[in-house]
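These are my notebook entries on a single protein chain. I went from the overall make-up to individual residues and recorded what I looked up at each step.

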Amino acid sequence: MADKKKDTLNQAQPPPGDSWMDEARAVNTEHQKMLDWLKTVKFRKTLVGGVREEDVWRKLEELNRLYEGALVAERAAAEARFHDYADSAESELKKYKQAVKTIKAHYDELAVKNQKMEEQLKKLQAAREHEPERNQTGECIEDCKGV
């Protein structure tokens, strides 16, 4: 009878050999905790063979707590990355808005200069129409009455 009771306390372990856990690499500390737990988890055997249902449920609850911890950590990391990106994007946006203001001010300045130059050109063209034609030495060729 003592041997049977002793058998109920034996712990079931996964079979040795290649398994996905041997090749698994943790992506963060929470994931590493899960992998370590999965590598060390043991279930109590029953008299007939198999494992105790209560023990399985208890282990599943423990695994669920590990997953919840990993999920919280991943959410926090993702939120931090989002805020970093948002701050960076906000900074870039301010920089580009300032560049647009500078370019617009320069454009406006050039537009004013262009307008003034167009007015000067019109005045010169109007004066040229009334000016008599001259040769290279400056002598009047035609319509030089009194000039």
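The entries below follow the order in which I looked things up.

**Entry 1. Model and confidence**

I note at the outset that this is a predicted model. I looked up the confidence next and found a mean pLDDT of 81 for the protein chain, with 80% of its residues at 70 or more. Among the elements, helix α1 (residues 2-9) has the lowest mean pLDDT, 46, and α4 has the highest, 92. Over residues 1-9 the pLDDT stays under 50, and the model has 6 contacts beyond four places in sequence for that stretch. I therefore set residues 1-9 aside, because pLDDT expresses the predictor's confidence in each residue and stays under 50 there.

**Entry 2. Overall make-up**

I listed the elements and obtained 4 helices and 4 strands. Their order from the N terminus is α-β-α-α-β-α-β-β. I then looked at burial: of the 147 residues of the protein chain, 10% count as buried. The accessible surface comes to about 13100 Å², and 55% of this surface belongs to carbon and sulfur atoms. For contacts between residues at least 6 apart in sequence, I find that 45% join residues at least 24 apart.

**Entry 3. Helix α4**

How many residues does α4 have, and what distance does α4 reach from its first C-alpha to its last? I find 78 residues and a reach of 112 Å, close to the 116 Å expected at 1.5 Å a residue. The helix covers residues 53-130. I looked up its buried residues, which are Asp55, Lys59, Leu63, Leu66 and Ala70. These buried residues pack against α3 and against β2 (43-44).

**Entry 4. The nonpolar core**

Which residues make up the largest nonpolar core? I find 7 residues in this core: Met34, Trp37, Leu38, Val41, Leu63, Leu66 and Ala70. The elements that give two or more residues to it are α3 and α4. I note as background that nonpolar side chains tend to be buried together in soluble globular proteins.

I then followed single residues of the core. Beyond four places in sequence, Leu66 is in contact with Lys33, Met34 and Trp37. The C-alpha atoms of Leu66 and Met34 are separated by 6.1 Å, although these residues are 32 apart along the chain. Leu63, with residues up to four places away not counted, touches Trp37 and Leu38. Trp37 is thus listed as a contact of Leu66 and as a contact of Leu63.

**Entry 5. Glu30 and its surroundings**

I turned to Glu30, which has its place in helix α3 (residues 29-40). Is Glu30 buried or exposed? Glu30 counts as buried because its relative accessibility is 17%, and the cut-off for burial is under 20%. Leaving out residues up to four places away in sequence, I find that Glu30 touches Gly69, Ala70 and Ala73. Ala70 is also one of the buried residues of α4 and belongs to the largest nonpolar core.

For comparison I looked up Glu68, which lies in helix α4. Glu68 counts as partly exposed, at 44% relative accessibility. The C-alpha atoms of Glu68 and Glu30 are separated by 9.4 Å, with their positions 38 residues apart along the chain.

**Entry 6. Salt bridges**

I searched the whole structure and found 7 salt bridges. I note as background that side chains of opposite charge can pair when their charged atoms come close. Three of the pairs are recorded here.

- Asp55 forms a salt bridge with Arg58, the closest N and O atoms being 2.6 Å apart. Both residues lie in helix α4, 3 residues apart, about one turn of the helix. Asp55 is buried, with a relative accessible area of 3%, whereas Arg58 is partly exposed at 43%.
- Arg52 and Glu54 meet through their side chains in a salt bridge, 3.5 Å from N to O. Arg52 is partly exposed, with a relative accessible area of 34%, and Glu54 is exposed at 53%.
- Arg81 forms a salt bridge with Glu74, the closest N and O atoms being 3.5 Å apart. Glu74 counts as partly exposed, at 36% relative accessibility.

Technical notes: Residues are numbered from 1 along each chain as its sequence is written. Side-chain values use heavy atoms; hydrogens and water are left out. Contact means heavy atoms within 4.5 Å. Buried means under 20% relative accessible area, exposed over 50%, partly exposed in between (1.4 Å probe, protein chains only). The expected span of a helix is 1.5 Å times one less than its number of residues. A salt bridge is a side-chain nitrogen of Lys or Arg within 4 Å of a carboxyl oxygen of Asp or Glu. A nonpolar core is a set of buried Ala, Val, Leu, Ile, Met, Phe, Trp, Tyr and Cys residues joined through side-chain atoms within 4.5 Å. Accessible areas come from the Shrake-Rupley method with a 1.4 Å probe; for residues, only the protein chains shown count as cover. pLDDT is the predictor's confidence in each residue, from 0 to 100.
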